[in-house]
Each structure stands twice: as structure tokens, then as C-alpha cells.
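Please look over the sequence and the structure shown here before reading the notes that follow. They take up the surroundings of the ligand and then two backbone angles.

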Amino acid sequence: MKSSVHDVIIVGGGISGSYLAFKLKEEFQDILIIEKSKVLGGRLCTKPVGYGMADYGCQYINPKSEELISLVHLLNKKSLLKRIEIGPKKHVYISPYGMNKIPQYLSLGIPAVTNSFVNKITRKSGIWEVQVGSFSYFSKRMILTMPIKQISSLIEKSLSAEYTLPTSNYEEFFTATFLAHRACSEKIFDNSDSLSWICNNKLKGLHNNENVYTVNFPPQLSSNYKKLDVESREKTIEEILNRNSFNNIKNLSIHYWKHAFSTKQDNVSHFFDENTQLGICGDSFSVGQVDGAIVSSNKVYRKILSK
Ligand SMILES: Cc1cc2nc3c(=O)[nH]c(=O)nc-3n(C[C@H](O)[C@H](O)[C@H](O)COP(=O)(O)OP(=O)(O)OC[C@H]3O[C@@H](n4cnc5c(N)ncnc54)[C@H](O)[C@@H]3O)c2cc1C
């Protein structure tokens, strides 16, 4: 057997991959996370804006499943999550240092290679080979955690075996982060006809001196903006922001979400093939979103241990 054969390779360092690594690290010595971005976090993502910061993916956690409730309890005790009130009798959990601190905490102590896009996976003589460009990693078990469309296309171009995987439809839209003054009374979370989501990250509880905003544009408007060149898109977006009472806008940064989140999903809970030790988890399973990611990771964890 090759000396550098890992026990488990997890592709993707979002909440599902990092939670799985967190659970597995008691049982396995040699786990590796491979992540395409420069930092871990996936859609629990935070970026600097001026001297402050903004969550620009998932803004809060509102746990429903037993598995996520118990993780939230742990993270709350570690001060990584804080309960806030966002409406009459409505409480959710935010991360005061940014949502990406959650996957980063869960994956502590696990080696992770970042900036590494997995473009092919193959299996020979009972061992998985994972290709990142011309470099290969090897592993006994292979876990994929990306949105299911990306997983399906990776499997299709890599493997001859056919697997029955669930389907999932994701919303796609633009998100913008920026510093601004807003000439109206504010709520932590708000919306308008032209902005499906407005979040003041400072009011939400992120440690910011200034008002740093995250706004999402409705899918239909986003698809119109997608057709514009970068300069016209920025101009149009600034105009919309001005019309929504944002002034003196600075550090504007725009991100397109191809797979933001799915709604009203109720898929199978996870995927695990015992013969090949291929597991798939993430928010394409179960009820989706962070609950689906955690429930499916937990199921895959149990399947890995059951052998
Ligand atoms: C704007 C927005 C708002 C949201 N609001 C909420 C909310 O209110 N409540 C809620 O519960 N959820 C919300 N979500 C959804 C939630 O963020 C996701 O469901 C959850 O973070 C998914 O985690 P994951 O680990 O399954 O996937 P991801 O976080 O997407 O992790 C997968 C990782 O795989 C990496 N990757 C992909 N392809 C490759 C490759 N080929 N090689 C290597 N790495 C790869 C990605 O970079 C990523 O880091 C929101 C999402 C967005 C974008």
C-alpha cells in the first residue's frame, strides 16, 4: 500500500466537511480536507470590509434538527455562537467573529489544503485517487460535500459506476457587501422590493465599528445584472442601493451565488456506498441548508464507523 494513503479525504471545507472531520478525528489519525477556496468556510463565509467584516453567505443559524441543536449548544458554550432576538419570540444564532469561524473551529487540528480544486476522482485496487491539477492524493475513503450538481458532474466525468443521487434546485443571485450610511431607521434584517435581504452586520452583533452591510438581490433582478458588463453592473447596483437610502457607499464588493440555498427541500438523508467507501453529504440532502448539511454529515459519520 502507498505510504501516503490517508484514512479519509473530505472534499470541501464548508460546514458539512468540517463537521464530519470534527466527528472523525477521534477515530482516525489521518484525515485530509481539500478545499478549492483560499480559506475554509464554504457558504458560511465572512470577508473584511474596510476595517470591519461582513458575513456574505449564511447570516444566522436557526436549528431545527436534533443534530444541529446539539452542535449549536456546543458552539454557544465556546462563544462561537450567540443567541439574538430578531423578532417577536424569534431567536436565531449568529457568530460574533464571523460565520466562517464555525467551520474553521470544527476543522482545527485537521490538515487542510486550500486553493485546491479537485478535478477528478478515480478508484484503483481499493484506493481512491484524488486529482488536484497534476497532483494526486490517495485515500481509503472518499467524502464529497459540494452541492449535488457539482458532485454529479465530477462523478460523471471521473467514474464509470452509476450512482442514484438526489436532485436539488438552488437559488442563484448577487450579494453585495459595503460600508455606508443609511438615512432611515434600521432593523438588523430587512428587505425591500429591489433587495430581497438587507443585513446590518454591526447591528447583528459582528464586532464592527462602522455599519457594514450585506444585501441580496432578488433572483430575477440578478439574472438581468448578470447580462451587464462589470462596470455597468456596479453602477446599476449603486443606483439601487442609493434608492434604498444607502449613502456614501465604500468598499463595494459583489459576489454571484450559483448555488446559494435550496428551499422546501426534503431529500434522502445522505449517500454512502459501503463497497467503495464513497460518501456524500451536504445541504443537498434532507431538508437542506445548514440542518441538511449537519444531518447528512452525521449519517455519513455513522456509516463510516459501522464497518
Ligand atoms: C446568501 C446565503 C444565505 C443563506 N442563508 C441561510 C440561512 O439563513 N439558514 C441556513 O440554514 N442556511 C443558509 N444558507 C445555506 C447554507 O449556507 C448552506 O446550506 C451551508 O453552508 C452548506 O454547507 P455545505 O458544507 O453543505 O456546503 P458548502 O458550504 O458549499 O461547502 C462545500 C465546499 O466545497 C468546496 N468545493 C466545491 N467544489 C470543490 C472542488 N471541486 N474541489 C475542492 N473543493 C470544492 C467549496 O468551495 C465549499 O467550501 C445560505 C446560503 C447563502 C449563500
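A residue is called buried if 20 or more other C-beta atoms lie within 10 Å of its own, exposed if 12 or fewer do, and partly exposed in between, with the C-beta atoms placed from the backbone. This is a predicted model, in which local features need pLDDT of at least 70 and side-chain atom pairs count only at pLDDT 80 or more, while totals for chains, interfaces and linings use all residues. Residues are numbered from 1 along each chain as its sequence is written.

**Around the ligand**

- The ligand is surrounded by 33 residues (C-beta atom, placed from the backbone, within 6 Å of it), and the closest are Gly 12, Gly 14, Gly 42, Cys 58 and Gln 289.
- Helix H1 (15-24) and helix H8 (289-305) are the elements that give two or more residues to this shell, where a helix is a DSSP run of H or I with at least four residues and a strand is a run of E with at least two, numbered from the N terminus.
- At least three residues of the shell come from each of domain 1 (5-45 + 65-168 + 266-306) and domain 2 (173-257), with bounds taken from an automatic or database domain assignment.

**Positive phi angles**

- Most residues other than glycine have a negative phi.
- Asn 248, which is not a glycine, has a positive phi near 50°; Asn 248 belongs to strand E15 (residues 246-257) and is exposed, with 9 other C-beta atoms within 10 Å.
- Gln 277, also not a glycine, has a positive phi of about 55°; Gln 277 sits in the loop between strand E16 (271-273) and strand E17 (278-280) and is buried, with 20 other C-beta atoms within 10 Å.
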